[in-house]
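Reader: I am new to this structure and would like a close look at one part of it, the surroundings of the ligand, together with the way the chain is arranged about it.

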Amino acid sequence: MIDIQKSPNSKLSQTNFDNLVFGQVFSDHMMECDYKDGAWQNPVIKPYGPITLQPSARVFHYGQAVFEGMKAYKDKEDKIWLFRPDQNFERINKSSERLAIPEFPKDYFFNALEELLKLDKDWIKQGFGNSLYIRPFVIASEAGVSASAAKEYKFMIICSPAQAYYSGEVRVKFSEKFSRAADGGVGYAKAAGNYGAQFYPTNLAKEEGFQQIIWTDANSHEYLEEAGTMNIFFRIGDKLVTAPTNDRILDGVTRKSVLTLAEEFNIDTEVRRVSVKEIVEAAEKGELKEMFGSGTATVINPIVGFGYKGKKYELPKMEDSYAKFFKDKLMKIQYNEAEDKFGWRYEVK
Ligand code: COI
């Protein structure tokens, strides 16, 4: 049973949906579910607002926290859709397992998410590019600074109306020194700390005019892995190339959907290690036609240039870009405007 406490007033009328900065505004309600005495308690949907935790709560000291990113879309008939939510559900539990957080039950997740979306349905606007970004997350809420897995947690879902993630052109720096993840580590999990650890090197890259870093393997820095908020694709000639997922790389839902679409549309694809050397050489020879990132927040984001060892490379402007092709195909499925061949859509009703 979900306990639903409706907000007495809505922030909808104060929200400008035409000018949204990613992740700044939150809808009227949120979901909160506590884990204690060895079990997840009843989920509660309540007005979005602050939560109270002890300063000693484990999450503040040891970063025992994981999260997900999903989106809800509205079609022209006001029907609400999710895109492959089963994947996010499975992944949050995979992340949780790695961080020693107890598994969250599937029926709790879907029931609470659907109730929350129905309550906040007016926060989802029609139109390509408009969505409600959904952020499920789990934090170790137990008080006490002993360095061990907590016995109490909070699973929460908050929602934020969204448009584009990046507001301008995206240029990336290939990492030469810093690493995002290591073999045997938590790179594949959506662990909060994976993201926090990127802020400092990303700030340094920003000072040089880049928006993101493409992380290279921690051992040799010779192979390109992922961008941290996106998985990464290269188009060399007409071949689509991306790194395989492993211990260090997030198994992105958009990434795997792009690979399925590439197969459907007979786009020559290679999933293999991609070396920095190969990409630099392809760029120098004019064979690197495109780079783009894929992710829930960004969908498909073209990358217009990259930097490596102090040199900057600009990519050609493509008329028939793969980035545009995949974005269009994905969005048509997400917004219920194309056939859903692979059963990716999930209606909230
Ligand atoms: C997403 O695409 O949903 C992500 O989780 C990336 C995020 C850090 C903005």
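How far from an oxygen atom of the ligand does a polar side-chain atom of Lys190 lie?

Author: A polar side-chain atom of Lys190 lies 2.7 Å from an oxygen atom of the ligand. This is a predicted model, in which local features need pLDDT of at least 70 and side-chain atom pairs count only at pLDDT 80 or more, while totals for chains, interfaces and linings use all residues. Residues are numbered from 1 along each chain as its sequence is written, and side-chain values use heavy atoms, with hydrogens and water left out.

Around the ligand, with a heavy atom within 4 Å of it, stand Phe67, Gly69, Tyr133, Arg135, Tyr165, Lys190, Tyr195, Thr229, Thr296 and Ala297. Besides Lys190, Tyr133 places a polar side-chain atom 2.6 Å from an oxygen atom of the ligand, whereas Ala297 comes to 2.8 Å from a ligand oxygen through a backbone N or O atom.

To place these residues along the chain, an automatic or database domain assignment gives domain 1 (3-162) and domain 2 (171-330). The centres of the two domains, taken over C-alpha atoms, are 27 Å apart, and the contact between them, meaning heavy atoms within 4.5 Å, takes 18 residues from domain 1 and 19 residues from domain 2. The domains bury about 1,600 Å² between them, 60% of it from carbon and sulfur atoms; buried area is the accessible area (1.4 Å probe) that two parts lose on being put together, summed over both. Phe67, which is one of the residues around the ligand, joins Arg91 and Arg98 in supplying 37% of the area that domain 1 buries against domain 2, more than any other three residues.

Across this interface there are zero salt bridges, a salt bridge being a side-chain nitrogen of Lys or Arg within 4 Å of a carboxyl oxygen of Asp or Glu. The domains do share ten residue pairs in polar contact, both at pLDDT 80 or more; a polar contact is a pair of N or O atoms within 3.5 Å, where within protein one must be able to donate a hydrogen and the other to accept it, and residues adjacent in sequence count only if both atoms are side-chain atoms.
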